[in-house]
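Student: Please pick one part of this model and take me through it slowly. I'd like one connected story instead of a list.

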Amino acid sequence: MKAAIVLQDLETLDFSRLETHFEECLRDLSFDDAGELDVILMDEFESSAYLDTILGKLYSSAREVFLNKGLYLTSINVLFGKCAVSSLDLDWLYVPKESLKKHFNHRNYKVFEQPVIQGYSYSGENYLADVNKYKVSALGGTFDHIHDGHKILLSVAAFLTSSKLIIGITDEELLLKKKYKEFLEPFDKRADNVKHFLSLLKPALTAQIVPIKDVCGPTGTVPDIECLVVSRETISGGEFVNKTRLAKGLSKLDISVVNVLGGNEEDGWKEKLSSTELRKILMDVKNRS
């Protein structure tokens with residue numbers, strides 16, 4: 001099952017009713033862990049901080065619907081800007097206006113009433129504009145069983161970058177002590193998932209995958225990188241990268257920080273969405289079968 005929900009006019013969207021709205025749209029559809037939901041935003045964004053906030057709300061609301069159905073691995077993609085909507089082949093399309101359906105390849109569609117807050121504006125006007133601020137940016141991670149948190153990180157990085165995004169992906173030799181290692185995806189699979197998501201999100205962007213074999217990865221040696229995108233829990237890693245670069249005579253990188261999806265800093269982000277938790281779920285399913 002592949003479905004898409006289109007949203008527009010986010011400044012008046014009632015985010016408190018979003019989970020219920022997603023649930024109503026998807027109620028009669030038969031999803032499984034191999035299914036895919038695209039949430040497509042028609043609005044234009046100027047600020048990565050505002051985008052980060054919006055993505056967190058959308059991914060959390062959509063994911064909760066699937067979790068309530070016992071679906072942990074169903075893919076969710078929040079797409080925006082000049083995304084590759086023409087490449088989507090949808091079983092079902094949900095649009096707030098009938099005129100929008102012409103932009104999508106779909107077999108079935110339905111017009112819905114978008115939840116709106118009357119007389120209230122949730123606007124990104126007070127945020128700093130930084131779309132395509134950097135020609136070359138970088139980020140790194142394991143990207144095992146690519147999940148919503150990974151996609152927010154990749155989305156913000158792509159939003160900030162006009163030309164090339166360098167993605168460091170941890171090589172298998174550094175993952176020997178990972179929990180539930182037998183369910184860890186191979187490097188090529190993790191790389192393909194990252195490239196696929198970016199091709200949907202920003203097809204004109206050059207995505208360069210580099211295996212990470214040390215602490216810094218490509219950020220420690222590539223002079224052209226201008227910005228490093230990190231999650232809030234890995235800020236210290238960004239600081240270490242800059243110390244390493246300065247010691248090598250390279251320029252200091254701007255650090256862009258993305259919020260962690262789930263959890264709190266006070267408890268060490270225990271409840272955050274993680275690849276480790278997804279691997280544990282796969283192990284539990286195998287043990288029950």
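Tutor: Let's start with a bit of vocabulary: a helix crossing is called right-handed if the near helix is turned clockwise from the far one by less than a right angle, and left-handed if it is turned anticlockwise. Keep in mind that what you're looking at is a predicted model. The part I'd pick is helix 2, which runs over residues 48-68.

Begin with its contact to helix 3, residues 148-160. Helix 2 and helix 3 cross in a right-handed way. Their axes are 10 Å apart, and the packing angle is about 155 degrees. Angles over 145 count as roughly antiparallel, so helix 2 and helix 3 are roughly antiparallel to each other. On the helix 2 side, the contact is made by Ser48, Leu51, Asp52, Leu55, Gly56, Tyr59 and Arg63. Helix 3 brings Asp148, Lys151, Ile152, Ser155, Val156, Phe159 and Leu160. Sort the residues of this contact by class and you get 7 nonpolar, 3 polar and 4 charged.

Now turn to the other partner, helix 1, at residues 18-26. Helix 1 packs on helix 2 at about 50 degrees, and here the axes are 9 Å apart. That angle makes helix 1 oblique to helix 2. This crossing is right-handed too. From helix 1 you have Leu18, Glu19, Phe22, Glu23 and Leu26, and they meet Leu58, Ser61, Ala62, Glu64, Val65, Phe66 and Asn68 of helix 2. By class, that contact holds 7 nonpolar, 2 polar and 3 charged residues.

One of those helix 2 residues, Phe66, leads us on to the rings. Rings of Phe, Tyr and Trp pair if their centres lie within 6.5 Å, and by this rule there are 5 aromatic pairs. Phe66 pairs with Phe31: the ring centres are 5.1 Å apart and the planes sit at 70 degrees, so we call the pair edge-to-face. Phe31 is in the loop between helix 1 and strand 2 (36-41), while Phe66 is in helix 2, so the pair ties together parts that are 35 residues apart in sequence. Phe31 and Phe66 are both buried.

Another edge-to-face pair is made by Phe45 and Phe80, at 5.8 Å centre to centre with 75 degrees between the planes. Phe45 sits in the loop between strand 2 and helix 2, and Phe80 in the loop between strand 3 (75-79) and strand 4 (89-95), so this pair, too, ties together parts that are 35 residues apart in sequence. Buried here means under 20% relative accessible area. Phe45, with 6%, is therefore buried. So is Phe80, with 7%. Phe45 and Phe80 belong to one aromatic cluster together with Tyr50 and Tyr127.

For a look at the surroundings, follow Leu58, a helix 2 residue in the contact with helix 1. Leu58 is also touched by Leu7, which lies in strand 1 (residues 2-7). Leu7 has a relative accessible area of 0%, so it counts as buried. Setting aside residues up to four places away in sequence, its contacts also include Leu18, Phe22, Val39, Ile40, Leu41 and Phe112. Its C-alpha atom is 23 Å from that of Tyr72, which is 65 residues away along the chain.

Last stop: the loop between strand 6 and helix 3, where you'll find His145. His145 has a positive phi of about 45 degrees although it is not a glycine. At 14% relative accessibility, it counts as buried. Asn132, in the loop between strand 5 (105-111) and strand 6 (134-141), likewise has a positive phi, about 55 degrees, without being a glycine. With a relative accessible area of 37%, though, Asn132 is partly exposed.

Notes:
Residues are numbered from 1 along each chain as its sequence is written. This is a predicted model: local features need pLDDT of at least 70, side-chain atom pairs count only at pLDDT 80 or more; totals for chains, interfaces and linings use all residues. Side-chain values use heavy atoms; hydrogens and water are left out. Axes are lines fitted to C-alpha atoms, for helices over the stretch in contact, and angles run from 0 to 180 degrees between N-to-C directions. Helices (H or I, at least four residues) and strands (E, at least two) are DSSP runs, numbered from the N terminus. Angles under 35 degrees count as roughly parallel, over 145 as roughly antiparallel, 65 to 115 as roughly perpendicular and the rest as oblique. Contact means heavy atoms within 4.5 Å. Ala, Val, Leu, Ile, Met, Phe, Trp, Tyr, Cys and Pro count as nonpolar, Asp, Glu, Lys and Arg as charged, and the others, Gly among them, as polar. Rings of Phe, Tyr and Trp (its six-membered ring) pair if their centres lie within 6.5 Å; planes under 30 degrees apart count as stacked, over 60 as edge-to-face and the rest as tilted. Buried means under 20% relative accessible area, exposed over 50%, partly exposed in between (1.4 Å probe, protein chains only).
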